[in-house]
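Thank you for making the time this morning; I would like to talk through two helix pairs and then a pocket. Please keep the structure open in front of you while I speak.

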Amino acid sequence: MKSSNIRVVQYMWGEENRSYELDRMINDTYCRRHGYEYVVKSFPSTKNRSSYWEKIPAIREELRHCDFLLYLDADAFFYSHELSLHEELIPYLRDKDILIAADLASEYQRNHPGLPNTGVILFRNTEKVEEILRIWDESSEYPELAQFRFERFHEQEALWRTVWQDYRESFQLVEDYYLMNGYYGMFIRHLMGMSDDERIAVLQKFMNEKNILS
C-alpha cells in the first residue's frame, strides 16, 4: 500500500481566518514526514453559489493525478503525525470507494450521527467516484436544492439528499469520530463551528507540544 500514489488536498476559503495558515503548516509538516503530496486549493467565490461548493471541483481536479485522495476542510488538521494514511485509513475503505465520517463534533455535539460530515473524506480514484463527484457538483443547480447554494450546510446537505441516497453502497461511513473527525479525533481533528480565535488557541497549543514552528 505504501507504493500507492496518495495526495492530500485542502481547500482554503475565507483567508481572513488566521487559523487556516496554522492548519496549513501542520498538514504540510505531516505530509512531508510521510511522503504524501500536499496540495492547497483556493478558488475565488462565484455569484452562483457559496464558496463551500468549490471543494468539489478542487477534489475532481486533483483526484485525476493519484490513486487515493484525502480531502480536508480548511479547519481540519492531522493530530497524530505518527499514523499514516496507507496503514490507518485506506484499509477502512475495504471494497468501498469513499470513506467518510459521521457528522459528530464530540460526545456532547452529535449533529447528525447517521449522516456524513463532508469536512474529511478519503476517495479512491475510480470511475464511480468521478460520477458521484460530478452529480454532487451539479446538484447545486437542482431547483429543489436551490436553498443550499448559499445557506448553511451548503454542499453537505446536498450530498445527503442526492448521492448519499443513490450511491450509498459506494460509501464507508466511520461512525466513530475519534478516528478522522471532530474535536477529539485520534488521527485527524476537525474544528468545525469554532471561532477563529478558538481554533488558533487549539492549534498553537498543539504546535507547541509537537514543536512545529510557525
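The crossing of α2 and α5 is left-handed, and I should say at once that what we are looking at is a predicted model. Helix α2 covers residues 55-63 and helix α5 covers residues 127-138, and the two pack with their axes 9 Å apart at an angle of about 155°. Since angles over 145 degrees count as roughly antiparallel, α2 and α5 are therefore roughly antiparallel to each other. On the α2 side the contact is made by K55, I56, P57, I59, R60 and L63, while α5 brings V129, E130, L133, R134, W136 and D137. If we sort the residues of this contact by class, we find seven nonpolar and five charged, with no polar residues.

Let me turn to the second pair, which is formed by helix α1, residues 19-34, and helix α9, residues 196-210. Here the angle is about 30°, and the axes are 9 Å apart, which makes α1 roughly parallel to α9. The crossing of α1 and α9 is left-handed. From α1, the residues that take part are S19, Y20, L22, D23, M25 and I26, and they meet D196, R199, I200, L203, Q204, F206 and M207 in α9. By class, the contact of α1 with α9 consists of eight nonpolar, two polar and three charged residues.

That leaves the pocket. How much space lies in the largest pocket? The computed value is about 580 Å³. The lining of this largest pocket is made up of 24 residues, and those closest to its centre are Y52, D75, F153, M192 and G193. Two elements, β6 (112-124) and α6 (154-161), are the ones that give two or more residues to the lining. Which of the elements gives the most to the lining of the largest pocket? That is β6, with four residues. As for the character of the lining, its residues divide into eleven polar, seven charged and six nonpolar.

To bring the helix pairs together before we discuss them, α2 and α5 are roughly antiparallel, whereas α1 is roughly parallel to α9, and the crossing is left-handed both for α2 with α5 and for α1 with α9.

Key:
Residues are numbered from 1 along each chain as its sequence is written. This is a predicted model: local features need pLDDT of at least 70, side-chain atom pairs count only at pLDDT 80 or more; totals for chains, interfaces and linings use all residues. Side-chain values use heavy atoms; hydrogens and water are left out. On a 1 Å grid over the protein atoms alone, a cavity is a set of points where a 1.4 Å probe fits but cannot get out, and a pocket is an open set with protein on both sides within 12 Å along at least five of seven lines; lining residues have an atom within 4 Å of a point. Grid points are joined across faces, edges and corners, and a volume is the space filled by probe spheres set on the points. Ala, Val, Leu, Ile, Met, Phe, Trp, Tyr, Cys and Pro count as nonpolar, Asp, Glu, Lys and Arg as charged, and the others, Gly among them, as polar. Axes are lines fitted to C-alpha atoms, for helices over the stretch in contact, and angles run from 0 to 180 degrees between N-to-C directions. Angles under 35 degrees count as roughly parallel, over 145 as roughly antiparallel, 65 to 115 as roughly perpendicular and the rest as oblique. A crossing is left-handed if the near helix is turned anticlockwise from the far one by less than a right angle, and right-handed if clockwise. Contact means heavy atoms within 4.5 Å.
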